[in-house]
Amino acid sequence: MAASHHPWLEWIKQVHAVARWGLTYAKDPFDLERYEVLLKLSVTMMADFAQLDTSRIEDLFANEVGYLTPKVDVRGVIFQEGKLLMVQEKWDGRWTIPGGWADIGLSPAEVATKEVQEEAGLIVKPVKMLAMLDKKFYPHPASPYHIYKVFMRCEIVSGEISTGLESQGVGFFSPDQLPELSSHRVTHEQISMLFQHYHDPHRPTDFD
(Lines give C-alpha, C1' and ligand atoms only; values in the text may rest on other atoms or scores of the structure.)
Protein backbone atom coordinates (compact mmCIF):
# COMPACT_ATOMS: atom_id res chain seq x y z
CA MET A 1 0.00 0.00 0.00
CA ALA A 2 1.34 3.43 -0.94
CA ALA A 3 2.42 5.75 1.84
CA SER A 4 -0.26 8.17 0.61
CA HIS A 5 -2.82 5.55 1.77
CA HIS A 6 -1.54 6.02 5.34
CA PRO A 7 -2.46 9.65 6.17
CA TRP A 8 -1.68 9.14 9.85
CA LEU A 9 1.88 8.13 9.05
CA GLU A 10 2.34 11.27 6.94
CA TRP A 11 0.95 13.42 9.77
CA ILE A 12 3.23 11.76 12.32
CA LYS A 13 6.28 12.39 10.11
CA GLN A 14 5.27 16.05 9.78
CA VAL A 15 4.89 16.39 13.56
CA HIS A 16 8.32 14.79 13.99
CA ALA A 17 9.85 17.21 11.48
CA VAL A 18 8.27 20.26 13.14
CA ALA A 19 9.66 19.13 16.50
CA ARG A 20 13.16 18.79 15.03
CA TRP A 21 12.92 22.17 13.34
CA GLY A 22 11.83 23.75 16.62
CA LEU A 23 14.69 22.17 18.55
CA THR A 24 17.10 23.47 15.91
CA TYR A 25 15.96 27.09 15.78
CA ALA A 26 14.08 27.90 18.99
CA LYS A 27 15.94 29.94 21.64
CA ASP A 28 13.41 30.22 24.44
CA PRO A 29 13.96 27.40 27.00
CA PHE A 30 10.21 26.93 27.42
CA ASP A 31 9.77 26.53 23.65
CA LEU A 32 12.63 24.03 23.57
CA GLU A 33 10.93 22.05 26.32
CA ARG A 34 7.67 22.02 24.37
CA TYR A 35 9.40 20.87 21.17
CA GLU A 36 11.13 18.08 23.11
CA VAL A 37 7.71 16.91 24.34
CA LEU A 38 6.41 17.06 20.77
CA LEU A 39 9.39 15.02 19.54
CA LYS A 40 8.82 12.30 22.15
CA LEU A 41 5.12 12.26 21.28
CA SER A 42 5.88 11.78 17.57
CA VAL A 43 8.22 8.86 18.37
CA THR A 44 5.54 7.25 20.56
CA MET A 45 2.94 7.69 17.83
CA MET A 46 5.28 6.23 15.20
CA ALA A 47 6.04 3.22 17.41
CA ASP A 48 2.34 2.62 18.00
CA PHE A 49 1.57 2.94 14.29
CA ALA A 50 4.37 0.56 13.26
CA GLN A 51 3.77 -1.76 16.24
CA LEU A 52 7.42 -1.49 17.27
CA ASP A 53 9.16 -0.72 20.55
CA THR A 54 9.78 2.98 21.12
CA SER A 55 13.51 2.25 21.38
CA ARG A 56 13.50 0.91 17.80
CA ILE A 57 12.02 4.16 16.52
CA GLU A 58 14.45 6.22 18.58
CA ASP A 59 17.33 4.26 17.03
CA LEU A 60 16.02 5.04 13.53
CA PHE A 61 16.22 8.78 14.21
CA ALA A 62 19.23 8.78 16.54
CA ASN A 63 21.56 10.45 14.02
CA GLU A 64 19.12 13.09 12.83
CA VAL A 65 20.17 16.59 13.79
CA GLY A 66 19.28 20.05 12.59
CA TYR A 67 16.69 20.83 9.95
CA LEU A 68 15.17 17.59 8.67
CA THR A 69 15.22 16.94 4.94
CA PRO A 70 14.13 13.93 2.84
CA LYS A 71 16.44 10.93 2.57
CA VAL A 72 17.69 10.20 -0.95
CA ASP A 73 17.75 6.77 -2.60
CA VAL A 74 19.87 6.58 -5.79
CA ARG A 75 19.47 3.81 -8.40
CA GLY A 76 21.72 3.03 -11.38
CA VAL A 77 19.68 2.15 -14.50
CA ILE A 78 21.49 0.00 -17.08
CA PHE A 79 19.92 -1.35 -20.26
CA GLN A 80 21.36 -3.98 -22.58
CA GLU A 81 19.59 -5.14 -25.74
CA GLY A 82 16.25 -3.89 -24.47
CA LYS A 83 16.58 -5.48 -21.04
CA LEU A 84 17.05 -3.85 -17.62
CA LEU A 85 19.77 -4.83 -15.15
CA MET A 86 18.36 -5.98 -11.82
CA VAL A 87 19.80 -7.47 -8.64
CA GLN A 88 18.26 -9.92 -6.19
CA GLU A 89 18.40 -8.64 -2.63
CA LYS A 90 19.63 -10.95 0.13
CA TRP A 91 17.36 -9.05 2.52
CA ASP A 92 14.07 -10.25 1.06
CA GLY A 93 15.02 -12.46 -1.90
CA ARG A 94 13.31 -10.12 -4.33
CA TRP A 95 14.63 -8.01 -7.18
CA THR A 96 15.34 -4.34 -7.69
CA ILE A 97 17.52 -1.90 -9.60
CA PRO A 98 20.99 -1.64 -8.03
CA GLY A 99 21.27 1.31 -5.66
CA GLY A 100 20.93 2.56 -2.11
CA TRP A 101 21.06 5.57 0.20
CA ALA A 102 23.01 8.60 -0.97
CA ASP A 103 26.30 8.90 0.92
CA ILE A 104 27.55 12.15 2.45
CA GLY A 105 30.33 13.52 0.27
CA LEU A 106 29.26 11.74 -2.93
CA SER A 107 27.26 13.16 -5.82
CA PRO A 108 24.21 11.23 -7.15
CA ALA A 109 26.32 10.06 -10.10
CA GLU A 110 29.07 8.84 -7.78
CA VAL A 111 26.54 6.99 -5.62
CA ALA A 112 25.03 5.27 -8.67
CA THR A 113 28.49 4.24 -9.87
CA LYS A 114 29.46 2.86 -6.45
CA GLU A 115 26.21 0.96 -5.90
CA VAL A 116 26.22 -0.70 -9.33
CA GLN A 117 29.80 -1.87 -8.87
CA GLU A 118 29.13 -3.17 -5.34
CA GLU A 119 25.87 -4.95 -6.17
CA ALA A 120 26.32 -6.01 -9.81
CA GLY A 121 30.10 -6.02 -10.43
CA LEU A 122 30.01 -3.53 -13.30
CA ILE A 123 31.92 -0.28 -13.71
CA VAL A 124 29.53 2.25 -15.24
CA LYS A 125 29.36 5.87 -16.30
CA PRO A 126 26.18 7.83 -15.41
CA VAL A 127 24.90 9.78 -18.42
CA LYS A 128 21.44 11.14 -17.52
CA MET A 129 19.08 11.53 -14.57
CA LEU A 130 15.91 9.84 -15.79
CA ALA A 131 13.68 10.56 -12.81
CA MET A 132 13.54 12.10 -9.34
CA LEU A 133 10.44 10.78 -7.61
CA ASP A 134 8.78 11.25 -4.24
CA LYS A 135 8.24 7.78 -2.80
CA LYS A 136 4.88 8.77 -1.29
CA PHE A 137 3.27 8.92 -4.74
CA TYR A 138 3.99 5.25 -5.51
CA PRO A 139 2.72 1.98 -3.99
CA HIS A 140 5.71 1.27 -1.77
CA PRO A 141 5.18 -0.11 1.75
CA ALA A 142 4.93 2.57 4.43
CA SER A 143 8.21 4.09 5.63
CA PRO A 144 9.11 6.25 8.65
CA TYR A 145 11.18 8.48 6.37
CA HIS A 146 10.24 10.90 3.62
CA ILE A 147 12.23 9.61 0.65
CA TYR A 148 13.21 10.91 -2.78
CA LYS A 149 14.21 8.29 -5.37
CA VAL A 150 16.76 9.23 -8.04
CA PHE A 151 17.15 7.04 -11.15
CA MET A 152 20.41 7.57 -13.10
CA ARG A 153 20.84 6.12 -16.60
CA CYS A 154 24.30 4.54 -16.79
CA GLU A 155 26.44 3.04 -19.54
CA ILE A 156 28.69 0.03 -18.96
CA VAL A 157 32.41 0.85 -19.09
CA SER A 158 33.87 -2.51 -18.08
CA GLY A 159 33.45 -5.54 -15.87
CA GLU A 160 31.19 -8.59 -15.80
CA ILE A 161 28.01 -9.02 -13.81
CA SER A 162 28.52 -10.63 -10.43
CA THR A 163 26.85 -10.61 -7.02
CA GLY A 164 28.02 -8.53 -4.05
CA LEU A 165 27.63 -8.38 -0.29
CA GLU A 166 23.97 -7.35 -0.51
CA SER A 167 22.95 -9.22 -3.68
CA GLN A 168 22.48 -12.91 -4.38
CA GLY A 169 21.51 -12.69 -8.04
CA VAL A 170 22.11 -10.41 -11.03
CA GLY A 171 20.49 -10.43 -14.45
CA PHE A 172 18.92 -8.50 -17.32
CA PHE A 173 15.13 -8.61 -17.71
CA SER A 174 12.65 -7.54 -20.36
CA PRO A 175 9.52 -5.64 -19.23
CA ASP A 176 7.28 -8.67 -19.84
CA GLN A 177 9.50 -11.06 -17.87
CA LEU A 178 10.20 -9.16 -14.66
CA PRO A 179 11.03 -11.14 -11.51
CA GLU A 180 9.27 -10.58 -8.19
CA LEU A 181 10.04 -6.99 -7.21
CA SER A 182 11.30 -5.72 -3.87
CA SER A 183 8.46 -3.24 -3.43
CA HIS A 184 10.35 -1.28 -0.76
CA ARG A 185 12.82 -0.28 -3.47
CA VAL A 186 11.07 -0.19 -6.85
CA THR A 187 7.58 -0.55 -8.33
CA HIS A 188 6.21 -1.81 -11.65
CA GLU A 189 5.09 1.72 -12.49
CA GLN A 190 8.61 3.07 -12.00
CA ILE A 191 10.15 0.33 -14.12
CA SER A 192 7.61 1.02 -16.87
CA MET A 193 8.66 4.68 -16.74
CA LEU A 194 12.32 3.70 -17.12
CA PHE A 195 11.58 1.56 -20.18
CA GLN A 196 9.77 4.55 -21.69
CA HIS A 197 13.02 6.48 -21.29
CA TYR A 198 14.87 3.63 -23.00
CA HIS A 199 12.56 3.73 -26.01
CA ASP A 200 12.55 7.54 -26.11
CA PRO A 201 16.04 8.88 -25.27
CA HIS A 202 14.75 12.45 -25.64
CA ARG A 203 12.06 12.01 -22.99
CA PRO A 204 12.56 14.74 -20.34
CA THR A 205 13.40 13.86 -16.77
CA ASP A 206 10.37 12.74 -14.76
CA PHE A 207 9.80 14.24 -11.31
CA ASP A 208 7.37 13.96 -8.39
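This report describes the fold, surface and one strand pair of a single protein chain.

The model is predicted. Its protein chain holds five helices and nine strands. Read from the N terminus, the elements run α-α-α-β-β-β-β-β-α-β-β-β-α-β. The order thus opens with three helices, followed by five strands.

Overall values for the protein chain are listed here.

| Property of the protein chain | Value |
|---|---|
| Span of the C-alpha trace along its principal axes | about 60 × 35 × 30 Å |
| Exposed area | about 11,600 Å² |
| Distance between mean positions of positive and negative charges | 1 Å |

Carbon and sulfur atoms supply 54% of the exposed area. Of the 208 residues, 40% count as buried. The charges number 20 positive and 29 negative. Their mean positions lie 1 Å apart.

Contacts reach far along the sequence. Take those between residues at least 6 apart: 70% of them join residues at least 24 apart.

Now the strand pair. Strand β3 covers residues 83–89 and runs antiparallel to β8. Six bridges join the two strands. Within this pair, M86 stands opposite G171 of β8.

Why is strand β8 largely enclosed by the rest of the structure? Strand β8 spans residues 167–173, and six of its seven residues are buried, meaning under 20% relative accessible area. That is why the strand counts as largely enclosed. In a regular strand, side chains alternate between the two faces of the sheet.

Methods
Residues are numbered from 1 along each chain as its sequence is written. This is a predicted model: local features need pLDDT of at least 70, side-chain atom pairs count only at pLDDT 80 or more; totals for chains, interfaces and linings use all residues. Side-chain values use heavy atoms; hydrogens and water are left out. Buried means under 20% relative accessible area, exposed over 50%, partly exposed in between (1.4 Å probe, protein chains only). Helices (H or I, at least four residues) and strands (E, at least two) are DSSP runs, numbered from the N terminus. Two strands pair if DSSP finds at least two bridges between them. Contact means heavy atoms within 4.5 Å. Accessible areas come from the Shrake-Rupley method with a 1.4 Å probe; for residues, only the protein chains shown count as cover. Lys and Arg count as positive and Asp and Glu as negative; His and the chain ends are not counted. The place of a charge is taken as NZ of Lys, CZ of Arg, CG of Asp or CD of Glu.
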